[in-house]
Structures are given as structure tokens and as C-alpha cells.
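Here's a friendly walk through one protein model for someone meeting it for the first time. Have the structure open and follow along.

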Amino acid sequence: AGVGSILLCLINNKKPIIFPRLKQYGEHVDNHQLQLANRLKASGLVFCPSGTRELRDSIRQYYLGGGEQTLSLPHLTEERGSLIKTVNRLLRED
């Protein structure tokens, strides 16, 4: 659930399945990835399963939905498109 990996997916109009690394397991120094994941999940931009059952459901939704339709963002709003363009520009700057 690193921000760079998530942004790369969003720039390419894909809806990633993400797993934040958690402080309680010694995977990270704090839970900033969880905070970001929860915000993006609430916005419908990512799948963020909380366990194996939700992961299985996300994968089933992908396959049953034909794949590309389910994991691609349905349409770009003007705001989302502007965000993606800005991030893309920033990533290409020297």
C-alpha cells in the first residue's frame, strides 16, 4: 500500500488491491499506509480487503466482472483527471 505503487495504478486508470503494512506487526513505524488505504477505499479508488474472505471476494469480483471493468476506474471525473495529470507531471520532473 505504498503511495508510489498506488499512484502508478491510478495513473494507469487501474483499481489496485492493496494491503497496508502495519505498525502492530513491526512492518512499519506507524500506520500511515492504513490511513491512506482507508481514505482511498472510502473514495472507491482501491480494494483494501481486511482479511482473506474479503480478498477472495475482491478476486472473485474481478474475475466474475470480466476483469478490466472491475479493476478499471469507471470514469475520470475532472478532479480525478487533474490529480492524475499533476502526479504524472511531478513524477516526470527532474
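Cys48 is buried, with a relative accessible area of 8%, while Cys9 is partly exposed at 26%. For these labels, buried means under 20% relative accessible area, exposed means over 50%, and partly exposed lies in between (1.4 Å probe, protein chains only). Do the cysteines pair up, and how many disulfides turn up in a search of the whole structure? The count is zero, where a disulfide is taken as a pair of cysteine sulfur atoms within 2.5 Å.

A quick word on the ground rules. This is a predicted model, in which local features need pLDDT of at least 70 and side-chain atom pairs count only at pLDDT 80 or more, while totals for chains, interfaces and linings use all residues. Residues are numbered from 1 along each chain as its sequence is written, and side-chain values use heavy atoms, with hydrogens and water left out.

## The overall picture

The protein chain has five helices and zero strands; helices (H or I, at least four residues) and strands (E, at least two) are DSSP runs, numbered from the N terminus. Reading from the N terminus, then, the elements go α-α-α-α-α. Of the 94 residues in the chain, 27% count as buried. The accessible surface comes to about 6,800 Å², and 54% of that belongs to carbon and sulfur atoms; such areas come from the Shrake-Rupley method with a 1.4 Å probe, and for residues only the protein chains shown count as cover. Take the contacts between residues at least 6 apart in sequence: 56% of them join residues at least 24 apart. Contact here means heavy atoms within 4.5 Å.

## Two helices with two sides

Start with α1. Its buried residues include Ile6, Leu10 and Ile11. They cover an arc of only 135° around the axis, which puts them on the same side of α1; the arc is that of the directions from the helix axis to the C-beta atoms. Turned away from that buried side is a face carrying the exposed residues Ser5 and Leu8. After α1 comes Asn13, with a positive phi near 60°.

Now α2, which spans residues 32-42 and has Gln33, Ala37 and Leu40 as its buried residues. Seen down the axis of α2, these fall within an arc of 70°, so they line one face of the helix. Part of what covers them is α1 (3-11). The face of α2 turned away from the buried side carries the exposed residues Gln35, Arg39 and Ala42. Just after α2, Gly44 takes a positive phi of about 80°.

## One salt bridge

How many salt bridges does a search of the whole structure find? Just one, and it is where the side chains of Glu54 and Lys41 meet (3.5 Å, N to O). Glu54 lies in helix α3 and Lys41 in helix α2, so the pair ties together parts that are 13 residues apart in sequence. A salt bridge is a side-chain nitrogen of Lys or Arg within 4 Å of a carboxyl oxygen of Asp or Glu.

## Around Ile17

Ile17 sits in the loop between α1 and α2. Leaving aside its neighbours within four places in sequence, Ile17 is in contact with Phe47, Pro49, Leu55, Ser58 and Ile59. Ile17 and Val46 are 29 residues apart in sequence, yet 6.0 Å apart in space, C-alpha to C-alpha.

Phe47, one of those contacts of Ile17, is found in the loop between α2 and α3. Phe47 and Phe19 are 28 residues apart in sequence and 8.9 Å apart in space, C-alpha to C-alpha.

Ile59, for its part, is in helix α3 (residues 52-64). Together, Ile17, Phe19 and Ile59 form a nonpolar patch on the surface, with about 230 Å² of accessible area. Patches are made of residues with over 30% relative accessible area and no salt bridge: like charges are joined within 9 Å, and nonpolar side chains (Val, Leu, Ile, Met, Phe, Trp, Tyr) within 5 Å.

Here is how some of these residues compare with the solvent-facing labels:

| Residue | Relative accessibility | Label |
|---|---|---|
| Ile17 | 32% | partly exposed |
| Lys41 | 36% | partly exposed |
| Phe47 | 9% | buried |
| Glu54 | 32% | partly exposed |
| Ile59 | 36% | partly exposed |
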